[in-house]
Amino acid sequence: MAQTPRLQVDHVSCDFDGRVVVRDVSLQVAPGEIMCLLGPSGCGKSTTLRVIAGVERQNAGRILVDGQVMSDDRDHRPPEARGIGLMFQDFALFPHLSVAQNVSFGLTGPKTEKSARVTELLERVDLAGYGQKSPHMLSGGEQQRVALARALAPRPKVMLMDEPFSGLDNRLRDGIRDETLQLLKEEGTAVLLVTHEPEEAMRMADQIALMRDGQIVQQGAPYNIYNAPCDQAAAAFFSDVNVIRGRVEGALTDTAFGQFLAPGYPDGSDVEIIFRPQHVKIDFDRGGRGPNPTAVDGVPARGVVERARFMGHESLVEFRMDFNQEVLRATVPAVFLPKPGTPLWLTVRRDRCFVFPHRG
Ligand SMILES: Nc1ncnc2c1ncn2[C@@H]1O[C@H](COP(=O)(O)OP(=O)(O)OP(=O)(O)O)[C@@H](O)[C@H]1O
Ligand SMILES: [Mg+2]
């Protein structure tokens with residue numbers, strides 16, 4: 001990164017009573033960039049955010065904002081001196097304060113300046129004229145926007161958000177999160193947003209940091225994480241996956257779908273070939289034969305439809321494969337509901353297959 005990152009986290013670890021919860025986490029977020037910290041429940045996402053905010057102290061590593069050390073072995077600035085805004089799932093507004101008082105809560109300086117900033121922010125979150133209302137008079141989505149205005153009011157350089165949209169219903173959520181992120185980008189804020197939903201991360205992030213057992217196992221643009229996962233679990237975190245097994249001979253493995261490259265694997269080692277249901281192509285049976293093999297799709301393998309379900313935006317078809325009697329799944333972005341027992345031929349986009357060691 002050429003410019004100084006707005007937020008820089010270097011080799012941060014945190015343990016509770018000897019149990020390591022965050023392990024050697026490093027990441028950088030540029031101004032106006034949105035990074036999603038994505039991982040299963042309990043993997044250490046919230047703790048990472050709390051350490052960066054300064055409400056929890058790390059055991060090792062350092063945290064910088066705009067190149068300035070906020071916390072390392074020697075120094076530890078308190079949360080309010082870090083230029084970091086926080087927004088959590090339960091974005092509790094102060095119930096006894098008006099909307100305007102909530103928004104101006106973290107502001108210092110002359111009264112007229114504060115009041116101008118409050119008016120500006122309420123306009124930006126589409127709540128102009130709501131200043132004198134009480135939080136309980138607002139809907140969930142409106143309260144969420146007040147919380148956002150409150151967090152943005154002191155112009156934080158970094159915004160930490162912990163599942164801030166999960167309390168909203170689906171219809172509200174898409175609109176609010178797109179508007180929120182737009183606003184944060186315009187302000188040049190670096191955003192680190194925690195979620196355990198891959199779809200949410202894919203939708204919002206410029207960068208995804210995939211976390212597991214306290215560690216970041218992979219970092220990159222959503223496209224790269226999805227299409228070049230670092231291991232089986234990373235692949236399976238984003239969608240259902242198909243798995244077939246193979247044995248390596250001369251850096252190749254032979255399967256019913258043809259040969260796959262397995263560079264770096266010793267002869268005789270067992271590997272798993274992983275691919276997503278949407279990368280499986282279905283062809284009709286032509287008198288006991290499938291389509292001709294191609295460089296892109298490899299060799300076809302025959303399966304018999306076990307069941308087919310309509311999922312709304314796609315159809316999911318399950319096949320019992322002739323070659324090993326195991327089940328593979330394919331999705332088709334259309335209505336496609338072949339009868340159980342129908343023989344069909346499957347091919348797999350070779351550039352969408354991942355070869356990993358067999359987990360044993
Ligand atoms: N203050 C604490 N003292 C002891 N253990 C803690 C503390 N805070 C968190 N933990 C433990 O650290 C682990 C990670 O917790 P954390 O809240 O960071 O997970 P998370 O990834 O945010 O999960 P979720 O998606 O469920 O919110 C958990 O096992 C949790 O029990
Ligand atoms: Mg959490």
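Two strands are said to pair if DSSP finds at least two bridges between them. In that sense, four strands of this predicted model form an open sheet in the order β2-β1-β4-β5, with antiparallel pairing. Six strands form another open sheet, in the order β6-β7-β8-β3-β9-β10, and there the pairing is mixed. The domain assignment of the protein gives domain 1 (7-231) and domain 2 (239-357), and the points below take up the domains, the two sheets, a further hairpin and the surroundings of ligand 1.

**Domains and annotation**

- The centres of domain 1 and domain 2, taken over C-alpha atoms, are separated by 41 Å.
- In an unreviewed entry, UniProt lists residues 7-238 under "domain: ABC transporter".
- Within the span of residues 7-238, 34% is helix and 28% is strand, while the C-alpha atoms at its two ends lie 26 Å apart.

**The four-stranded antiparallel sheet**

- The strands β2 (19-29) and β5 (68-71) stand at the edges of the order β2-β1-β4-β5 and have a single partner strand each, so one side of each is left without a neighbour in the sheet.
- On average, and with direction ignored, neighbouring strands of this sheet are turned by 30 degrees against each other.
- Helix α1 packs on the sheet, where it touches β1, β2 and β4, and the direction of α1 makes about 65 degrees with that of β2.
- Five bridges connect strand β1 (residues 7-16) with strand β4 (residues 60-65) in the antiparallel sense, and across this pairing Val9 stands opposite Ile63 in β4.
- Strand β4 also pairs with β5, again in the antiparallel sense, over three bridges, and here Leu64 has Val69 in β5 as its bridge partner.
- The strands β4 and β5 make a hairpin with two residues between them, in which Asp66 takes a positive phi near 50 degrees.

**The six-stranded mixed sheet**

- At the edges of the order β6-β7-β8-β3-β9-β10 stand β6 (84-88) and β10 (215-220), and because each has a single partner strand, one side of each is left without a neighbour in the sheet.
- Neighbouring strands of this sheet are turned by 20 degrees against each other on average, again with direction ignored.
- Strand β3 (residues 34-38) and strand β8 (residues 190-195) run parallel and are joined by five bridges, with Ile34 having Val191 in β8 as its bridge partner.

**The hairpin of β17 and β18**

- Strand β17 (residues 315-321) and strand β18 (residues 327-332) run antiparallel and are joined by six bridges, and within this pairing Glu318 stands opposite Arg329 in β18.
- These two strands form a hairpin with five residues between them, and Gln325, which lies in the turn, has a positive phi of about 65 degrees.

**The surroundings of ligand 1**

- The residues that surround ligand 1 are Phe16, Val21, Gly39, Ser41, Gly42, Cys43, Gly44, Lys45, Ser46, Thr47 and His196.
- Helix α1 (residues 45-53) contributes three residues to the shell around ligand 1, which is the largest share.
- Sorted by class, the shell around ligand 1 has three nonpolar residues, seven polar residues and one charged residue.

Notes
Residues numbered from 1 in each chain as written. Chains lettered and ligands numbered in written order. Predicted model: local features only at pLDDT ≥ 70, side-chain atom pairs only at ≥ 80, totals over all residues. Near = placed C-beta within 6 Å. Nonpolar A, V, L, I, M, F, W, Y, C, P; charged D, E, K, R; others polar. Axes fitted to C-alpha atoms, helices over the stretch in contact; angles between N-to-C directions. UniProt positions renumbered as here; feature names shortened; annotations may be inferred. Domains from an automatic or database assignment. Contact = placed C-beta atoms within 7 Å.
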